Amino acid sequence: MSTPSDDDALADARAQIDELDQRIHALINERAGIALKVAEIKQAAGRTDFYRPEREAQVLERVAARNEGPLSDEAAARIMREIMSACLALEKPMTVAYLGPEGTYTQAAVYKHFGHAVLASPKPAIGDIFRDVEAGNAHFGVVPVENSTEGVVTHTLDQLVGSRLSICGEVALAVHHHLLSHAGELGSIKRVVAHAQSLAQCRNWLDTHLPGVVREAVASNGEAARRVAGDATAAAIAARAASDFYDLPILASNIEDEPNNTTRFLVLGTQQVAASGNDMTSILVSIRNRPGMLYRLLAPAADAGVDLARIESRPSRRQAWDYNFFIDIEGHADDAPVRRVIESIEAEAVMLKILGSYPRSIGRDAE
Ligand SMILES: O=C(O)C(=O)C[C@]1(C(=O)O)C=C[C@@H](O)C=C1
């Protein structure tokens with residue numbers, strides 16, 4: 001039971017919160033006013049770089065560095081993320097095309113990276129996102145590129161070969177799968193619908209909890225949620241966002257077999273991003289297949305102490321057994337050691353294209 005003195009203490013604490021809220025609110029609006037000034041400066045100089053990924057990465061990194069709690073670094077960064085998102089929307093409302101429909105993990109990646117003040121525009125296929133940004137219908141695009149259990153999204157890599165877009169950012173997202181259904185209990189479920197990758201990532205859970213129930217693969221988990229929304233004998237595997245969007249109750253959470261399941265997404269745009277101090281550079285290299293070629297290509301990086309974070313090969317489609325290599329180099333293309341490594345790779349390669357230098361993703365924050 002609460003006593004009069006408890007009630008006083010509560011009222012006093014709430015009065016302090018009200019007072020702080022007022023100050024925080026005034027400070028946020030003061031910040032927004034300065035962001036508008038920044039926009040005017042950019043406009044007067046004829047610049048269109050309202051969104052500055054490297055600056056945002058530095059601001060968010062600083063939040064984590066100075067955070068003393070009790071808020072976690074992630075929670076503090078999330079709040080600042082939304083403040084900057086609202087400030088950017090005042091400067092210039094941004095449209096971001098992504099692999100839809102609503103409720104997909106790619107949509108969660110858009111909001112994690114840009115905050116919720118952008119207009120997120122769902123597209124049915126990866127190629128549509130590239131086309132939308134190239135045509136200027138969207139300022140940026142977000143596509144999945146790699147999953148920690150299922151490997152690369154080959155369609156995204158193949159699209160990068162012929163595209164003139166640059167990679168402006170990356171987003172790592174902890175992918176948690178949830179079972180969404182109006183069924184009320186597992187026993188009533190006759191059918192589970194999801195993207196094939198998600199069905200595969202929850203195989204053990206499904207074998208144990210829904211043995212013998214039909215598994216149906218569809219184009220995306222958002223689509224799965226849409227389909228089961230009107231059928232109380234069906235369940236979808238999807239993100240929490242799909243539960244909100246389609247008003248579908250979560251019957252079981254975190255049903256993925258691999259708890260560290262992470263998907264990496266790329267942010268695509270038309271601008272070159274300046275160095276943030278913690279960057280990654282992605283290049284596309286085509287080589288003539290000769291003995292020792294791959295070694296010759298990669299040795300200069302090892303000699304210079306530059307880290308190659310990832311190397312992925314894809315058939316070039318020019319001729320059989322001819323490959324394109326997607327190489328991720330730690331650092332920015334303007335950093336002297338990285339630039340020298342790129343130059344020495346270029347000297348050996350038939351073709352080299354810098355796909356982009358961009359700030360590394362911060363955390364793998366759960367969606
Ligand atoms: O610093 C800038 O260039 C700004 O436009 C300000 C600001 C911010 O709110 O901090 C907003 C948008 C940019 O993406 C980066 C930062």
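Here is a short chat about the ligand shell and one sheet of a predicted model.

Guide: Residues count from 1 along each chain as its sequence is written. As the model is predicted, local features need pLDDT of at least 70 and side-chain atom pairs pLDDT 80 or more, while totals for chains, interfaces and linings use all residues.

Visitor: What makes a residue part of the shell around the ligand?

Guide: Its C-beta atom, placed from the backbone, has to lie within 6 Å of the molecule. Among the residues that do are Phe50, Arg52 and Glu91.

Visitor: Which helix gives the largest share of that shell?

Guide: Helix 3, with four residues. Helices are DSSP runs of H or I, at least four residues, and strands are runs of E, at least two, numbered from the N terminus. Helix 3 spans 73–91.

Visitor: How do you know that strand 7 and strand 9 pair?

Guide: Pairing takes at least two bridges found by DSSP. Strand 7 (residues 191–195) and strand 9 (residues 234–238) have three bridges and run parallel, so they pair. Arginine 191, for one, stands opposite alanine 234.

Visitor: Why are strand 8 and strand 10 called edge strands?

Guide: The open sheet has the order 8-7-9-6-10, with mixed pairing. Strand 8 (214–218) and strand 10 (250–252) each pair on one side only.

Visitor: What lies across strand 9, and at what angle?

Guide: Helix 9 (residues 221–228) does, at about 155°. Angles run from 0 to 180 degrees between N-to-C directions, with axes fitted to C-alpha atoms, for helices over the stretch in contact. Contact means C-beta atoms, placed from the backbone, within 7 Å.

Technical notes. Two residues are in contact if their C-beta atoms, placed from the backbone, lie within 7 Å.
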